[in-house]
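Grab a coffee and open the model in your viewer. The exercises below each set a task and then walk through a solution.

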Amino acid sequence: MTGNISGNAYALTILSPIKDGYTPDEIAYADLIRDRLQGWNMEHNSPMAKVPQTYLCRFFVLDDVYTESLPGAGFLDTLSDLLPVVPDRTRRNALPKEDHLQSRYLVFSCNFHGGAGGDLEGYLRGMWGAIGDRIREIWGYCYGFEQVTDADTFITYMKKCQLPAALFFNGSNDEPLEEQLKALYLKQELAKFAAENQGLDAATLRRNFQAFMQRVAPTNLAEPTWPAGKYRI
Amino acid sequence: MSNIAGKAYAMNVITPIRWTTAWLNKLIFWIALKRPSTLRGLITLSLIHYARWVIIGKNQFPHLDSSQPKEKLHYSYMLFFSNFNGSWDQYVDSFTFAIPGGLDLFWKWNIRYPKSVALTPFHHYIRYNQIETIHYYNAYPLATSNDVKSAKAVKDALIQFQCQSADDESDDNFLQRYNALLRGLQHDLGAMHPTPIVSMSAYQVERRKRWHDGSLQKEIAAQQAAQGGQNHDR
């Protein structure tokens with residue numbers, strides 16, 4: 001699935017069919033999943049912040065597909081819309097058809113650092129290791145998930161739900177997440193340092209800068225740095 | 001529901017495409033992959049972190065279990081996912097103004113695609129086919145895509161600066177190098193701050209702020225005490 005890889009970034013697209021059932025309280029499983037995901041918004045940070053190498057990801061429930069009822073710009077659309085001389089049956093036949101899904105789908109779309117080879121298994125293993133319980137909470141009502149018991153079965157399950165990207169555009173830098181977070185920390189700190197140390201004489205500036213470099217330790221990715229998902233200064 | 005995580009917006013669009021022409025779209029994407037110059041227009045839109053197009057054949061929706069009903073669809077479907085900075089209007093309009101031809105090429109075979117110009121029908125098309133995100137996570141909500149890219153330049157420059165330092169360097173020489181460092185990074189520096197909140201998760205962000213300053217814990221304790229008092233009265 002090379003279309004999923006661009007540089008060192010990987011585009012993971014998962015559609016997991018949700019069981020057509022209800023809880024004893026008569027809540028549809030799809031709505032329960034929606035509620036639980038909504039609950040994630042209320043936590044101090046997303047559980048996904050614990051999953052190594054996650055740049056950005058999203059979850060939503062695909063209830064159904066849409067029927068295109070708005071005017072289009074295709075030749076046949078325009079012709080059938082504009083010519084009243086076209087027999088009504090022909091005109092109706094040219095209208096878009098109505099489709100409905102038989103199942104609702106949990107959609108998980110994720111961009112992560114997978115390296116040049118696109119290490120999907122490593123990512124999914126890290127995801128299961130970091131938030132296995134939270135994964136069960138969301139995917140527990142999907143078809144086939146009852147076979148997931150550990151990291152290996154989770155990887156197998158996710159691969160069954162995976163769809164290949166036809167085109168993946170990587171507009172960011174695709175370094176490992178810890179490199180990116182360290183770089184953002186350094187950018188913020190250097191901007192602050194530059195503003196606070198304007199106009200100093202060379203010797204004082206040099207002393208301050210040496211102390212600054214010692215404090216920010218540019219090559220030490222572990223600390224000090226920004227944690228994943230940091231949302232306040 | 002939250003399409004926004006910090007400075008990033010998550011867009012999801014699903015549009016039908018005739019199965020007879022879906023392969024043409026796949027071919028266009030394949031050519032775009034093989035000839036990266038076709039994506040030059042997208043690269044100019046530096047507000048994009050990542051974007052992707054996925055085409056699901058009408059019989060390719062994942063089928064995991066024999067008890068799961070099989071899909072019976074007339075069309076194949078194209079999913080578009082984007083992570084970008086700024087507002088919905090800014091993004092959609094910048095696509096229209098910067099790469100209208102490319103946009104039309106990618107959506108050309110989709111049912112009732114109105115083309116990217118004029119704007120209003122295109123806005124209606126995207127809005128009609130957009131699906132709201134329930135949970136959106138961003139590893140760096142304080143940063144834009146340009147911040148992530150420029151931060152790398154800052155980090156690399158700082159490390160290089162450190163490598164070039166010498167103990168016997170004069171202060172004046174240091175000052176010269178320091179000024180050159182800042183001059184070289186003037187397009188990459190700039191402090192990051194949280195954005196004004198414009199999402200439906202604003203309530204939660206406010207709540208987090210109160211949690212950080214300790215007032216939320218007091219509110220919850222007061223609420224619990226009040227509830228306890230009410231229960232006791234009963």
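**Exercise 1. A strand pair across the chains**

How many bridges join strand S3 (residues 54-62) of chain A to strand S5 (residues 135-138) of chain B, and do they run parallel or antiparallel?

Before you start: this is a predicted model, where local features need pLDDT of at least 70, side-chain atom pairs count only at pLDDT 80 or more, and totals for chains, interfaces and linings use all residues. Residues are numbered from 1 along each chain as its sequence is written, chains are lettered from A and ligands numbered from 1 in the order in which they are written, and side-chain values use heavy atoms, with hydrogens and water left out.

Step 1. Settle the terms: strands (E, at least two residues) and helices (H or I, at least four) are DSSP runs numbered from the N terminus, and two strands pair if DSSP finds at least two bridges between them.

Step 2. Count: S3 of chain A and S5 of chain B share 4 bridges and run antiparallel.

Step 3. Pick one bridge to look at: A:Arg58 has B:Tyr136 in S5(B) as its partner.

**Exercise 2. A sheet with a guest strand**

Find the strand order of the open sheet that S5(A) belongs to.

Step 1. Read across the 5 strands: the order is S5(A)-S3(B)-S4(B)-S2(B)-S1(B), with antiparallel pairing.

Step 2. Check the edges. Strand S5 (167-170) of chain A and strand S1 (4-5) of chain B each have a single partner strand, so one side of each is left without a neighbour in the sheet.

Step 3. Zoom in on S2 (residues 8-18) and S4 (residues 75-85) of chain B: 11 bridges join these antiparallel strands. One of them pairs B:Asn12 with B:Phe81 in S4(B).

**Exercise 3. The interface between the chains**

Describe what chain A and chain B put into their contact.

Step 1. Count residues: 104 from chain A and 103 from chain B take part (contact means heavy atoms within 4.5 Å).

Step 2. Get the area. The two chains bury about 9400 Å², with 63% from carbon and sulfur atoms; buried area is the accessible area (1.4 Å probe) that two parts lose on being put together, summed over both.

Step 3. Look for salt bridges, meaning a side-chain nitrogen of Lys or Arg within 4 Å of a carboxyl oxygen of Asp or Glu. There are 4 between the chains, and one links A:Glu175 to B:Lys152, with the closest N and O atoms 3.1 Å apart.

Step 4. See which element leads: helix H6 (residues 177-196) gives the most to chain A's side, with 14 residues.

Step 5. Sort chain A's side by class: 59 nonpolar, 26 polar and 19 charged residues. Here Ala, Val, Leu, Ile, Met, Phe, Trp, Tyr, Cys and Pro count as nonpolar, Asp, Glu, Lys and Arg as charged, and the others, Gly among them, as polar.

**Exercise 4. Domains within chain A**

Work out how domain 1 and domain 2 of chain A meet.

Step 1. Take the bounds, which come from an automatic or database domain assignment: domain 1 is 2-65 + 100-161 and domain 2 is 175-233.

Step 2. Their centres, taken over C-alpha atoms, are 35 Å apart. The contact uses 7 residues from domain 1 and 8 residues from domain 2.

Step 3. About 600 Å² is buried between these domains, 46% of it on carbon and sulfur atoms. A:Asn45, A:Gln53 and A:Tyr55 supply 58% of the area that domain 1 buries there, more than any other three residues.

Step 4. Check charges: the rule finds 0 salt bridges across this domain interface, and domain 1's side has 2 nonpolar, 5 polar and no charged residues.

**Exercise 5. A long-range pair and backbone oddities**

Which residue forms a salt bridge with A:Asp31?

Step 1. The partner is A:Arg104, with the closest N and O atoms 3.6 Å apart. A:Asp31 sits in helix H1 (residues 29-41) and A:Arg104 in strand S4 (residues 104-113) of chain A, 73 residues apart.

Step 2. Now the backbone. Most residues other than glycine have a negative phi, and most peptide bonds are trans.

Step 3. A:Gln53 has a positive phi of about 70 degrees although it is not a glycine, and A:Gln53 lies in the loop between H1 and S3 of chain A.

Step 4. The peptide bond from A:Glu223 to A:Pro224 is cis, with omega near -10 degrees. Another cis bond joins B:Val117 and B:Ala118, with omega about 10 degrees.
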